[in-house]
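Trainee: Hi! Could you take one part of this protein and walk me through it slowly?

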Amino acid sequence: MTPRNGPVAIASANGVGAVELAHQRLREGADPVVAAVEGVGLVEADPDDMSVGLGGLPNEECVVELDASVMHGPTHKAGAVAALRDTVHAAAVALKVLQNTDHVMIVGEGAKRFARQHGFPAQDLLTDRAREAWLRWKMQLNDGDDWLDENQRDWNTDGATPRTTGTIHCSAVTADGDLGACTTTSGLSYKLPGRVGDSPIIGAGMFCDNEAGAAGATGRGEAVIQSCGSHSIVGLMAAGMHPTDACLEVAKTIARRSKLQRRLIDDNGRPRFDVKLYALRKDGKFGSASIWSGASFAVADADGARTEPAAFVYERA
């Protein structure tokens, strides 16, 4: 089973440039996981994307920690890093774990040393914009502390306090039907130091099976981990389900299971959070679904690079 119209790359909505580059590299004969990693590298290096790499929002101590995983379909090997500091290209470091070690995951200080050993330069990931966002978050935590909230100051300041659960995922398939995938993120904004989400966990934030397809996730990582989201999607594709339907089925499962934790649901029994899922089948078919409407995803194939709307479980009011 091979793609009828040549190679395909898909990604989360912030990855139009990523899929365009990945598709170009696939046409040039690059390995699919290498193409995916090079594609997401564009977003990791973009200081204006606050969900990944340089400029990602920090943890509660104002330190940026990155997670990433990669998987190579033809060998079924995987590599991952978690809580990686001072290194822009977490996905490329994860690829080195896959290529150069017998391990799957390296974390924390060990991951940082591993990156230096492989020539990745040390770089402060905290931009002024991300630092200012952290300061606004810190000031708003408690009305009774000595940090002045916006409404307590004697002057006005501009700017909202952004939060991200976002990430970038990219899956790629060659014209011969070989697959590769990666997911990379700076994780949940203002998280506890050392918190690891779904992105570096094989089978949660990313999974690839060369006989079936590849999948990834962005959004609330804890929910994806607890449902083995990407592995579940690939399993459904292996059973013959279209990628969109597989993503939608797993999104429904995550939404249903969220009802077991009251703090995660609204008065109508629907999740207060979102998860977006992406899938690419070995034959080049692709799809995406989210819990809430309004999501989109990026794809590049013979028709060029573009965004398309994702299926969804619940319609926003």
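Let's look at the salt bridges: is Asp274 buried or exposed?

Mentor: Good place to start, and keep in mind that what you see is a predicted model. Asp274 is buried, because its relative accessible area is 13% and the cut-off for that word is under 20%. Its side chain still has a partner: Asp274 and Lys276 meet in a salt bridge, with N and O 3.4 Å apart. Lys276 itself has a relative accessible area of 27%, so we call Lys276 partly exposed. The general idea is easy to hold on to: side chains of opposite charge can pair when their charged atoms come close.

That pair is part of a bigger set, as the structure holds 13 salt bridges. Have a look at Arg25 and Glu38 next, whose side chains meet in a salt bridge at 2.7 Å, N to O. Arg25 sits in helix α1, residues 16-27, while Glu38 sits in helix α2, so this pair ties together parts that are 13 residues apart in sequence. Both ends are partly exposed: Arg25 has a relative accessible area of 21%, and Glu38 comes in at 32%. There's a third member here too, since Arg25, Glu28 and Glu38 are linked in a network of salt bridges.

Now swing over to helix α5, where you'll find Asp128 and Arg131. They form a salt bridge as well, and their closest N and O atoms are 3.5 Å apart. The two residues are three apart, about one turn of the helix. Asp128 counts as exposed because its relative accessible area is 52%, and the cut-off for exposed is over 50%. Arg131, at 32%, is partly exposed.

Since Glu38 brought us to α2, let's stay with that helix for a moment. Two packed helices are described by the angle between their axes and the distance between the axes. Helix α2 (residues 32-44) packs with helix α3 (residues 90-100) at an angle of about 155 degrees, and their axes are 8 Å apart. That makes α2 roughly antiparallel to α3, because angles over 145 degrees get that label. If you want to trace the contact yourself, α2 brings Val33, Val34, Val37, Val40 and Glu44, and α3 brings Ala90, Ala91, Ala92 and Leu95.

From there, try the loop between α4 (108-117) and α5 (128-139), which is where Gln123 is found. Gln123 is partly exposed, with 35% relative accessibility. Leaving out residues up to four places away in sequence, Gln123 touches Leu54, Asp86, Thr87 and Val88.

Two backbone spots deserve a look as well. His76 has a positive phi of about 55 degrees although it is not a glycine, and it lies in the loop between β2 (66-72) and β3 (77-84). Ala83 also has a positive phi of about 55 degrees without being a glycine, but Ala83 is found in strand β3. Their surroundings can be read off too: His76 is partly exposed at 44% relative accessibility, whereas Ala83 is buried at 12%.

Last stop, the surface. Val104, Met105 and Val107 make a nonpolar patch there of about 230 Å². Val107 belongs to strand β4, residues 105-107, and is partly exposed, with a relative accessible area of 45%.

Terms used
Residues are numbered from 1 along each chain as its sequence is written. This is a predicted model: local features need pLDDT of at least 70, side-chain atom pairs count only at pLDDT 80 or more; totals for chains, interfaces and linings use all residues. Side-chain values use heavy atoms; hydrogens and water are left out. Patches are made of residues with over 30% relative accessible area and no salt bridge: like charges are joined within 9 Å, nonpolar side chains (Val, Leu, Ile, Met, Phe, Trp, Tyr) within 5 Å. Accessible areas come from the Shrake-Rupley method with a 1.4 Å probe; for residues, only the protein chains shown count as cover. A salt bridge is a side-chain nitrogen of Lys or Arg within 4 Å of a carboxyl oxygen of Asp or Glu. Helices (H or I, at least four residues) and strands (E, at least two) are DSSP runs, numbered from the N terminus. Buried means under 20% relative accessible area, exposed over 50%, partly exposed in between (1.4 Å probe, protein chains only). Axes are lines fitted to C-alpha atoms, for helices over the stretch in contact, and angles run from 0 to 180 degrees between N-to-C directions. Angles under 35 degrees count as roughly parallel, over 145 as roughly antiparallel, 65 to 115 as roughly perpendicular and the rest as oblique. Contact means heavy atoms within 4.5 Å.
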